[in-house]
Amino acid sequence: MKSTFKLALVQQACNGGRTQNLAESVEAIRSAKAQGADLVMLPELHLGPYFCQTEDCGCFDGAEAIPGPTTAELASVARALNIVVVASLFERRAPGLYHNTAVVLDSDGSLAGKYRKMHIPDDPGYYEKFYFTPGDLGFRPIDTSIGRLGVLVCWDQWYPEAARLMALAGADLLLYPTAIGWNPADDEAERARQLEAWVTVQRGHAVANGLTVAACNRIGSEPDPSGQTPGILFWGNSFAAGPQGEFICRGSSADAELLMVEVDRKRSEDVRRIWPFLRDRRIDSYEGLLRRYLD
């Protein structure tokens, strides 16, 4: 297995229909391969608008089985191009049981694995608890032909525990398909604070675990179907940070972009040798982490 490989982040708008969005995603995958990518990541729930702005039972009709139609289409592309694909889907597991799930298609078109989103938000404009059952697959990396992928999803970005457990299980890097943005009613100062908090916490995961971290976000303004809120202005800014938190790439807030990242496993090992955080963890003293709050 090579020490280095190329990752492509597909920052795209997702406010079209399934056919249009999937076609744009596939075209981006083809472009990524043409630029030498070994692995490509798409944004969270990239097949359509972010439907969790409202609670609407009709949206469950958009869920699909895994494996299913979309995994079959993406598997065909992965196999034809000899590229690994990370995609985010609305999974229908059983009647009345749904997940926010990331799938990994290996370069031979096989389904290498999936990760069901563990942390489920419930905030104004992000009513995900109405739609998604919390994941039950744990924090386990997915083995592929290019390496072991620590795939997490969006709201998981804020939890150092999730990143740490993926690292302890041997992930070569951390990947976050994402759909996050601003409330258009917020002023510029508040927008800046939110965006930089999002970037900073993930760069912290990179430093604390000595791994490359990459987040792939959507762009564009999507209205609230209910008309109760101003909708969401997705802030883009897809990025990758190296094992010392250094920026490798960072996208804009408004443009569709294909961001290329070189991931170097040897660099992660070298950084862990000079900053041996895993060695110095006091695993005998962390019992409190299993409690909701230390009263």
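What follows is a friendly conversation about how terms such as buried, salt bridge and disulfide apply to this predicted model.

Reader: Let me start with the annotation. What makes residues 5–265 a unit with a name?

Author: The name comes from a record: UniProt places the feature "domain: CN hydrolase" at residues 5–265, in an unreviewed entry. In the model, the end C-alpha atoms of that span lie 9 Å apart, and the span is 24% helix and 33% strand.

Reader: Now K117, please. Why is K117 called buried or exposed?

Author: Buried means under 20% relative accessible area. K117 has 0% relative accessibility, so K117 counts as buried. You will find K117 in the loop between β5 and β6 (122–123).

Reader: What does the side chain of K117 make polar contacts with, and how do you know that they count?

Author: The cut-off is a pair of N or O atoms within 3.5 Å. The side chain of K117 reaches the side chain of E44 at 3.0 Å, and the side chain of E128 at 2.8 Å. Both pairs therefore fall inside the limit for a polar contact. Setting aside residues up to four places away in sequence, K117 also touches others, including N100, T133, C154 and W155.

Reader: How do you know that R116 and D136 meet in a salt bridge?

Author: The rule asks for a side-chain nitrogen of Lys or Arg within 4 Å of a carboxyl oxygen of Asp or Glu. For R116 and D136 the N to O distance is 3.0 Å, so the pair qualifies.

Reader: What does the pair tie together?

Author: R116 lies in strand β5 (residues 111–116), and D136 in the loop between β7 (126–127) and β8 (142–144), so the bridge ties together parts that are 20 residues apart in sequence. R116 is buried, at 5% relative accessible area, while D136 counts as partly exposed at 42%. Both residues also belong to a network of salt bridges that links E91, R93, K114, R116 and D136.

Reader: How many salt bridges does a search of the whole structure find?

Author: The search finds 19. Another one of them joins the side chains of E196 and R250, at 2.9 Å from N to O. This pair links distant parts of the chain, with E196 in helix α4 (residues 188–209) and R250 in strand β16 (residues 247–250), 54 residues apart. E196 is partly exposed at 36%, and R250 is partly exposed at 31%.

Reader: And why is R279 called exposed?

Author: Exposed means over 50%, and R279 has 62% relative accessibility, so R279 counts as exposed. The side chain of R279 meets that of D280 in a salt bridge of 2.7 Å, N to O. D280, at 46%, is partly exposed.

Reader: Is D172 buried or exposed, and why?

Author: D172 stands at 18% relative accessibility, and the limit for buried is under 20%, so D172 counts as buried. The place of D172 is in the loop between α3 (160–168) and β10 (173–178). Leaving aside neighbours within four places in sequence, D172 is in contact with G147, R148, L211 and R265. With R265 there is a polar contact between side chains at 3.4 Å, which is within the 3.5 Å limit.

Reader: What makes a set of residues a nonpolar core here?

Author: The residues must be buried, of nonpolar kinds such as Leu, Val or Ala, and joined through side-chain atoms within 4.5 Å. The largest such core has 46 residues, and those with the most contacts inside it are L7, L9, L39, L149 and L175. A second, separate core of 23 residues includes I29, L74, A78 and V103. In soluble globular proteins, nonpolar side chains tend to be buried together.

Reader: Which residues is L175 in contact with?

Author: Not counting neighbours within four places in sequence, the contacts of L175 include L7, L39, M41, V86 and L149.

Reader: Last one: how many disulfides are there, and how do you know?

Author: The count comes to zero. A disulfide needs two cysteine sulfur atoms within 2.5 Å. The sulfur of C14 has its closest cysteine sulfur in C216, 8.6 Å away, which is too far for a bond. For C249 the closest cysteine sulfur is again in C216, at 9.6 Å, also too far. C14 is buried at 0% relative accessibility, and C249 is buried at 12%.

Terms used:
Residues are numbered from 1 along each chain as its sequence is written. This is a predicted model: local features need pLDDT of at least 70, side-chain atom pairs count only at pLDDT 80 or more; totals for chains, interfaces and linings use all residues. Side-chain values use heavy atoms; hydrogens and water are left out. Helices (H or I, at least four residues) and strands (E, at least two) are DSSP runs, numbered from the N terminus. Buried means under 20% relative accessible area, exposed over 50%, partly exposed in between (1.4 Å probe, protein chains only). Contact means heavy atoms within 4.5 Å. A polar contact is a pair of N or O atoms within 3.5 Å; within protein, one must be able to donate a hydrogen and the other to accept it, and residues adjacent in sequence count only if both atoms are side-chain atoms. UniProt positions are given in the numbering used here, feature names are shortened, and annotations may be inferred rather than shown by experiment.
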